[in-house]
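Me: Please take a close look at one part of this model for me. I would like to hear about the packing inside it, and how far the prediction can be trusted.

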Amino acid sequence: MSDCGRKDPGPSQWLQTNVKDIDAAARQLLQTYSGIAPEEVLPRALAIRDQAFALYPWPCIGQMRFLRFSLASYPAYAGVLERLKSQPECMFLDLGCCFGQDIRKLFIDGVQPSQLVGLDLVPEFNKLSYDLFQDVHRLQFEFHARDIMDDGADWGPLERRFDVLHLTSFLHIWNWTGQVKAASRVASFAKPGSVLIGSGMGSRVGGEFPNLERTGTNFRQSEESFRKLWLEVGEKTGTRWQVDKTVFEVMDATRANKDQAWAEPDMGILMFEVARTARRDTIT
Ligand SMILES: C[S@@+](CC[C@H](N)C(=O)[O-])C[C@H]1O[C@@H](n2cnc3c(N)ncnc32)[C@H](O)[C@@H]1O
């Protein structure tokens, strides 16, 4: 797990050059859904990765993590999939959707395109995703090229619309103040009764640590600090949030990065499920 929140200022250490294959689930999807011949999968994925990396040399691109289906890996996936399929009026929003891989997975699993919405700072990722997945004639979903921190944007079209919101490797881009701001914006998109699911770089102790771009800090959430975040967001926005589940794990990717300048001994990944409760809201 890593960060791709801002442009890497220096010559990039993040471009993985010895890629021998891609994630097995992504390979299968590119062969069966996108109809790409098995021997073409890796060259196509790498060619598109290189185009995206030339635009934005971020770790998640360089290290091929734009081909992970994170949402489907969470325990809550079966429940949210059922909710979206059985209630066609339910809406899904992917925050920092990057190549829209999690949106593709929901579509393939039976969710209607009209229920699927993505938001990302970088519109080129969405365009390149159609070159990768070869599905422009099958899947048109609502996409917003927006900076979540932009106070001047018209957020009206997204407010209080969503039942399921996905935030993988998103909030950890910012320090505490930035996360409160970003999460408060996300809160304004959520309906009462909605759920937020995701994960991000965390720390067993929680706190500000040097970010990967060496431009400042990012806050790495512990289970305890994450609850405080949603209390603060609730107070700031007049909404109420219940952190239903958090799981802190040290993963292989975390161990592999233990010698990086931004590493610290307590870092790991925090997976979360948060519900917007319907009671005592001042915003409805
Ligand atoms: C680490 S990537 C995670 C992508 C995807 N959720 C995943 O799990 O693979 C973070 C994404 O957030 C987007 N992003 C970064 N800063 C943003 C901002 N200020 N507003 C909206 N999106 C942003 C990036 O363009 C990138 O696609």
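Reply: Start with phenylalanine 99. In this predicted model, its contacts beyond four places in sequence are Ile48, Ala52, Ile61, Phe66, Arg104, Phe125, Leu128, Ser129, Leu132 and Phe133. Phe99 belongs to the largest nonpolar core, a set of 53 residues. Among the residues with the most contacts inside that core, Phe99 is listed with Ile22, Ile61, Leu67, Leu106 and Leu132. Two of these, Ile61 and Leu132, also touch Phe99 itself.

Several elements build this core. At least two residues each come from α1 (24-32), α2 (38-55), α3 (59-62), α5 (77-86), α6 (101-108) and α7 (123-133). The strands β5 (190-203) and β9 (267-276) also supply at least two each. Helix α2 gives the largest share, with 6 residues. Apart from this core lies another, of 36 residues, including Met149, Ile173, Val233 and Val274.

Now valine 186. This residue sits in helix α8, which spans residues 176-189. Its relative accessibility is 0%, so valine 186 counts as buried. Beyond four places in sequence, Val186 touches Leu95, Ile148, Leu165, Leu167 and Leu196. Leucine 196 is 10 residues away along the chain, and the two C-alpha atoms are 9.2 Å apart.

Last, confidence. The chain's average pLDDT is 91, and 93% of the residues score at least 70. Residues 5-11 fall below 50, yet this stretch has 18 contacts in the model beyond near neighbours in sequence. Where pLDDT is low, predicted coordinates should not be read in detail.

Definitions and conventions:
Residues are numbered from 1 along each chain as its sequence is written. This is a predicted model: local features need pLDDT of at least 70, side-chain atom pairs count only at pLDDT 80 or more; totals for chains, interfaces and linings use all residues. Side-chain values use heavy atoms; hydrogens and water are left out. A nonpolar core is a set of buried Ala, Val, Leu, Ile, Met, Phe, Trp, Tyr and Cys residues joined through side-chain atoms within 4.5 Å. Buried means under 20% relative accessible area, exposed over 50%, partly exposed in between (1.4 Å probe, protein chains only). Helices (H or I, at least four residues) and strands (E, at least two) are DSSP runs, numbered from the N terminus. Contact means heavy atoms within 4.5 Å. pLDDT is the predictor's confidence in each residue, from 0 to 100.
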